[in-house]
Amino acid sequence: MSVFDQTLNRYLTHLYGPRAGEVARRIGQHIAYFERARAAGESQDGIPVARRDPAPSGAPLWSEKDQWVICYGDSILAEGTAPLTVLSDFLHTHLRDCISGVHVLPFFPWSSDDGFSVVHYREVNPELGDWSHIRELAGQFDLMGDLVLNHVSRESLWFVDYLTGSLPGRDFFIEVDPETDVSQVTRPRSSPLLVPVATRRGTRHLWATFSDDQIDLNFENPDVLLEFVGILLFYLLQGIRIIRLDAVAFLWKRLGTNCIHLPETHTVVRLLRAIVDEVAPGTLLITETNVPHAENISYFGLERLSPAATDPVPAADEAHMVYQFALPPLLLHTLTRGETATMQAWLASLPPLPDNCTYLNFTASHDGIGVRPLEGLLPDHERDALLELMHRFGGFVSMRSNPDGTDTAYEINITWFEAMRGTRRGPDPWQIARFLCSQAIMLTLQGIPALYIHTLTGSLNDHEGVERSGRLRSINRHRWQRDTLELLLENPNTPTHDIFLALQALLKRRCAEPCFHPAAPQRVLESHESVLAIERGPLENGRMLLGLFNVTDQPAPLETAGSAVIDTLDARRWQSLDDSIAWPQERTLPPYAVRWLVSTPG
């Protein structure tokens with residue numbers, strides 16, 4: 001028995017006990033089909049296969065050149081052209097020298113939640129294009145796709161099977177007696193957990209973590225797991241290199257627990273990791289778990305992650321990447337409060353990363369700015385002040401239900417540009433500078449950066465979109481008409497023009513600097529609260545980078561920044577990454593200044 005087969009059987013035994021052997025045999029059939037389709041150049045149903053050679057064993061998974069964009073398949077529209085073609089052309093025209101990858105949010109037929117209530121997993125929404133457009137994007141960029149495996153649309157064939165008592169979907173869902181006490185269950189929403197459904201057998205109540213149109217799947221049934229193994233392998237055949245495991249933290253349910261991060265959930269992630277490592281080396285798994293930081297990084301698969309540990313960091317066996325969910329709300333606090341002490345403490349607490357693991361750093365996404373990741377990092381009164389400020393800047397706050405029946409804030413719904421409108425004192429003239437400072441900090445941190453399309457375009461709050469959809473998240477999901485967007489990009493008198501060009505420049509400089517490699521060490525220097533100082537490196541050749549950021553609307557003299565910053569500046573000869581001019585030629589950082597300095601011995 002191969003090492004892979006042994007690993008597979010160990011994980012499946014944990015999940016399914018004596019049924020493990022049969023499940024392993026059927027996974028083997030899926031893998032054999034995958035190998036035949038890859039060799040033949042098309043799947044069994046005649047869909048062509050993307051030509052992407054597996055990465056050689058031991059090949060690097062990423063580099064400083066990895067910089068991604070997050071968008072919907074229809075974020076940019078042009079009349080008479082498939083939206084996926086419009087997107088591909090826009091990215092190629094404007095960003096081909098800046099980005100290496102693109103996350104196209106769910107592009108399947110869907111019934112709600114802008115794609116995250118999937119009707120057909122193996123089809124492309126015809127309003128966006130077809131699989132040829134997906135393969136085209138995968139040929140230009142590293143493509144991320146969503147494996148929406150926690151729940152499915154009520155309009156799916158599986159759910160129709162359930163309603164009619166037919167296989168396979170009859171046993172794909174979780175029925176619960178409505179009198180059952182489910183108060184322990186961790187909720188990301190304030191909607192009822194159990195939804196009534198009329199079936200041929202009468203009314204049944206089904207588990208629905210997110211909405212009454214997103215019905216949770218029952219992974220205790222191995223047939224559900226097998227379906228998703230087949231779907232995952234199909235996505236790999238279409239050229240998708242990065243697999244995002246959506247809402248995976250809620251995957252396994254067991255009454256009497258909080259039903260989040262259960263051991264079986266981690267085992268499912270390990271199982272999928274083992275499969276992609278075996279059949280498609282170089283594929284990346286990323287988990288989407290919008291939870292407090294310690295819970296989030298548990299999806300690297302380590303039992304212990306401690307920055308104080310002296311033992312070697314053990315190899316990780318779950319996700320290659322996790323979203324850095326604490327970063328957006330902490331950055332929001334840092335730049336609206338004008339203090340870096342909280343950010344410094346958090347950065348200093350980050351544990352060393354295991355080999356072949358890294359963070360996905362971002363400030364904004366299609367969802368809101370998570371509030372839960374602030375738990376244990378920001379006092380309640382500071383969190384509440386931040387929420388109130390975002391209301392003043394035109395945003396909303398989405399709520400979630402607690403076990404005691406109360407509701408608390410779950411996420412802030414606002415565009416990142418509007419969130420940077422001012423400070424606790426209110427709006428001010430520094431919006432663009434503050435916005436760009438926030439992006440530069442994110443780009444400096446260890447990991448791979450991802451910029452949401454509406455960050456690149458400096459989009460305003462789409463209140464009309466909220467009114468049309470009735471969903472708060474629509475505030476940050478505007479669909480651009482390409483001709484309108486191009487006019488804004490060409491007009492030097494628009495924030496869109498200034499922001500896009502500035503971010504282009506930052507991205508071009510970043511991808512050429514080896515100190516931004518995701519594996520390059522990171523250290524935060526203790527400094528005055530107005531200044532954030534981040535060191536990257538040293539590399540093997542001794543090269544280092546120092547990022548200096550003034551997070552206030554007042555000049556920040558470096559003499560007051562702190563001895564650690566002064567000592568670092570004095571210990572080496574530095575030059576600006578922007579223009580290769582020797583530095584420091586200035587001893588005071590202007591408001592919201594960004595400085596990338598590099599130093600190479602000799």
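The largest cavity in this predicted model has a volume of about 210 Å³. Around that space sit 19 lining residues, and those that lie nearest the centre are Arg189, Phe210, Asp246, Glu288 and Asp367. As for chemistry, the lining of this largest cavity splits into 7 nonpolar, 5 polar and 7 charged residues.

A search through the whole structure turns up 4 cavities of 30 Å³ or more. Next in line is the second largest cavity, with about 110 Å³ of space. Its lining is made up of 15 residues, with Phe325, Phe362, Ser365, Asp367 and Gly368 lying nearest the centre. Two elements, α9 (327-337) and β13 (369-370), each give two or more residues to the lining of this second largest cavity. Here the lining breaks down into 7 nonpolar, 5 polar and 3 charged residues. Asp367 turns up in both places: it is among the residues nearest the centre of the largest cavity and also among those nearest the centre of the second largest.

Further along the chain there is a sheet to look at. This is an open sheet of 6 strands, paired antiparallel and ordered β20-β21-β22-β27-β24-β25. The edge positions go to β20 (522-525) and β25 (582-583); each has a single partner strand, so one side of each is left without a neighbour in the sheet. Within the sheet, β22 (residues 544-550) and β27 (residues 594-599) run antiparallel and are joined by 6 bridges. Phenylalanine 549, for instance, has valine 594 of β27 as its bridge partner.

Conventions
Residues numbered from 1 in each chain as written. Predicted model: local features only at pLDDT ≥ 70, side-chain atom pairs only at ≥ 80, totals over all residues. Heavy atoms only, no water. Pairing = 2+ DSSP bridges. Helix = DSSP H or I, 4+ residues; strand = E, 2+ residues; numbered from the N terminus. 1 Å grid on protein atoms, 1.4 Å probe; cavity = no way out; pocket = protein on both sides within 12 Å on 5 of 7 lines; lining within 4 Å. Points joined across faces, edges and corners; volume = space filled by probe spheres on them. Nonpolar A, V, L, I, M, F, W, Y, C, P; charged D, E, K, R; others polar.
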